[in-house]
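Please open the coordinates in your viewer, colour them by chain, and keep a selection prompt at hand. The stops below say what to select and what to look for there.

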Amino acid sequence: MKIFPFKTVKNRSLFSGHVAIGLVFLFLLLGPILTLHDHTSQDLSDSLQAPSSSHWMGTDYYGRDVFSRLVYGGRITWTVAILSTFIAVLIGTVTGLFSAYWGGWFDLVVMRLVDVMLAFPRLFVVLLIIGLGASSINLLIWALALFSWMEIARIVRSEVMSKKNLAYVKSARALGFGTPRILFKHILPNILSPVIVSSVLLISTIILVESGLSFLGLGIQAPNASWGSILNDGKIDPLGTWWLSVPAGFLILTTVVGFNLIGDGLQKQFDPKKSL
Amino acid sequence: MNYTRQHQPILEVNSLHIEYPINSPGGFRRLTKPAVIDVSFKIFFGECFAIVGESGCGKSSIIEAILGFVRPKSGTILFEKQNLLNLSSKNLRKLRPKIQPVFQDYNQALNPRMRIGDILREALPNHLQDSQTDQLLASVGLSREILNYFPHQLSGGQKQRIVLARALSVKPALLLLDEPVTSQDLSVAVQIVELLISLREIKHLTFLLVSHNLSIVQLLADRVAVMKNGQFLEQQPLAQLLNNPRHIYTKNIIDQTITP
């Protein structure tokens, strides 16, 4: 049986991941053009309608169009995930770079901080921060980012440790170049592969955490939507109001699997020793 | 070259002692292993001073210390009468271009993500980049086409020539040659040695050559020090060393070189 239809595609995980993420991205991009309904406008007379020609994915308890809520909710989920990942990767990369390159007491302090922060379970700390502060998208993004940079810092540190004593880095030092130039021009471009892979995997982790938080009612607050909060809407009667939970769950699943496949695919792509 | 300058030391290493930390059983005590023990030597302007010894005897540690990559436990390293070990990091950075290394592993010596042109231009001032790049390539016997290549597209000999060209781009006074031709095949090694001889003459360079191979040292060096277990056993002018070795270890190295 032919499981994979494209024989010419060597890196199947990367290809499948791109297809999955590409489809979800198209849905989020073109969604507003396809729907006439506002994702926040309520119509209680239209409450909990099953999918029909006027509401393609039905309506929720307040009569809001689920299709447009999935589109706008997805945009928020993706924005939160991508921005948090970006901030986390930035913090992790810079700390990892300097920690490994300078070494000594700076490295010791930074790495113990990483150990301490990794000891906290991310979901519960983020829950606490959001619970204590006013729940906003900005706070959510920062809370997720500040508890996600440590893995990246560790990866970057170990990569820099393996590169900083290579002859081309020593030559750059001997030419009189300063630390920032050596780090960002000579070392960083050569350690990007594992950073990119873990960043992509981090996006899917953060999507899951954000969806979990919103499912618990602590993430994105009404009238805004996120896939997690739409899942939550469907939890009272998952079978009776399947159009609330199934499409949101499917989109979360597709996105997470898609990013994980891209991560796996990139790992294979960057590793010359592994056959694709 | 100016006579008086020729008789001045460009580099003077006195009582150099280098130690490396090693793991102790259980990791409770801080143990060290000496790599270089009480090494002293002078290198004069325009000469080639060679250190010969087996792998792990501490030769490369001396180069690392001169470059400032390893902090010696004691001793002084005077370059043009300035003690490199007392310089501030800012002053050391300013002085660094005058001392350039050429490492053994040419495959690791060039940034794999940079084109050859960018590697050569990097240390040059903007307004001189094009003219000087051409001159540098000509001085190591390579053509302009190579500028757009990445290091992995070059042969071993070409890479080592680019390493030399990059070192020359900052107009150094002293080249530290750490086994410069060990990883090359014989014909390429001969070409690189010939290139080094001509560069030394044309650019008035001083060499510190480190090698385990006396046949390479014979082609380049004026004076030779023989090193074993972190210590200098003897240092003499090349001809004297070959004809009249004082130490049995030196004699063994010479015998091995003549009758392999």
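The tour goes from chain A to its contact with chain B, and then on to the sheets of chain B. Bear in mind throughout that this is a predicted model.

**Stop 1: chain A as a whole**

Select chain A and show it as a cartoon, with the secondary structure switched on. What you should find is 10 helices and zero strands, so that cartoon colouring by element is best done helix by helix, following the pattern α-α-α-α-α-α-α-α-α-α along the sequence. If you align the view with the principal axes, the C-alpha trace of chain A spans about 75 × 55 × 30 Å. Of its 276 residues, 41% count as buried, and among the contacts in chain A between residues at least 6 apart in sequence, 69% join residues at least 24 apart.

**Stop 2: a helix pair in chain A**

Next, select residues 12–34 of chain A, which form helix α1, together with residues 242–270 of chain A, which form helix α10. How do the axes of these two helices cross? They come within 7 Å of each other and cross at roughly 145 degrees, and the crossing in which α1(A) passes α10(A) is left-handed. Colouring the residues of this contact by class will show 10 nonpolar, nine polar and two charged.

**Stop 3: where chain A touches chain B**

Now bring chain B back into view and select the residues of each chain that are in contact with the other, which are 11 residues of chain A and 19 residues of chain B. On the side of chain A, the elements that give two or more residues are α7 (167–174) and α8 (179–215). Which of the elements gives the most to this side of chain A? That is α7(A), with five residues. By class, the side of chain A that touches chain B has six nonpolar, four polar and one charged residues.

**Stop 4: the four-stranded sheet of chain B**

Hide chain A and turn to an open sheet of four strands in chain B, whose order is β2-β1-β4-β5 and whose pairing is antiparallel. The edge strands here are β2 and β5 of chain B, each of which pairs on one side only.

To walk across this sheet, begin at the edge with strand β2, residues 31–44 of chain B, which is joined to β1(B) by 10 bridges, the two strands running antiparallel. A useful pair to display as sticks is Tyr20(B) and its bridge partner in β2(B), Lys33(B). While β2(B) is selected, pick out Asp38(B) within this strand, since its backbone has a positive phi of about 50 degrees although the residue is not a glycine. Is Asp38(B) buried, exposed or partly exposed? With 14 C-beta neighbours inside 10 Å, Asp38(B) counts as partly exposed.

Move on to strand β1 (residues 9–22) and strand β4 (residues 74–79) of chain B, which pair in the antiparallel sense over five bridges. Within this pairing, His17(B) stands opposite Ser74(B) in β4(B).

The walk ends at strand β5, residues 82–83 of chain B, which pairs with β4(B) in the antiparallel sense over two bridges, with Leu78(B) standing opposite Asn83(B). The hairpin of β4(B) and β5(B) has two residues between the strands, and in this hairpin Glu80(B) takes a positive phi near 45 degrees.

**Stop 5: the six-stranded sheet of chain B**

Select next the open sheet of six strands in chain B, which has the order β6-β7-β8-β3-β9-β10 and mixed pairing. Its edge strands are β6 (99–102) and β10 of chain B, each pairing on one side only, and from one strand to the next the twist averages 15 degrees.

At the β10 edge, zoom in on β9(B) and β10(B), which run antiparallel and are joined by six bridges. Lys228(B) has Gln231(B) as its bridge partner in β10(B). Finally, select Asn229(B), which lies in the loop between β9 (223–228) and β10 (231–237) of chain B. Although Asn229(B) is not a glycine, it has a positive phi of about 50 degrees; with 15 other C-beta atoms within 10 Å, Asn229(B) is partly exposed.

Terms used: Residues numbered from 1 in each chain as written. Chains lettered and ligands numbered in written order. Predicted model: local features only at pLDDT ≥ 70, side-chain atom pairs only at ≥ 80, totals over all residues. Axes fitted to C-alpha atoms, helices over the stretch in contact; angles between N-to-C directions. Left-handed = near helix turned anticlockwise from the far one by under 90°. Nonpolar A, V, L, I, M, F, W, Y, C, P; charged D, E, K, R; others polar. Contact = placed C-beta atoms within 7 Å. Buried ≥ 20, exposed ≤ 12 C-beta atoms within 10 Å, placed from the backbone. Pairing = 2+ DSSP bridges.
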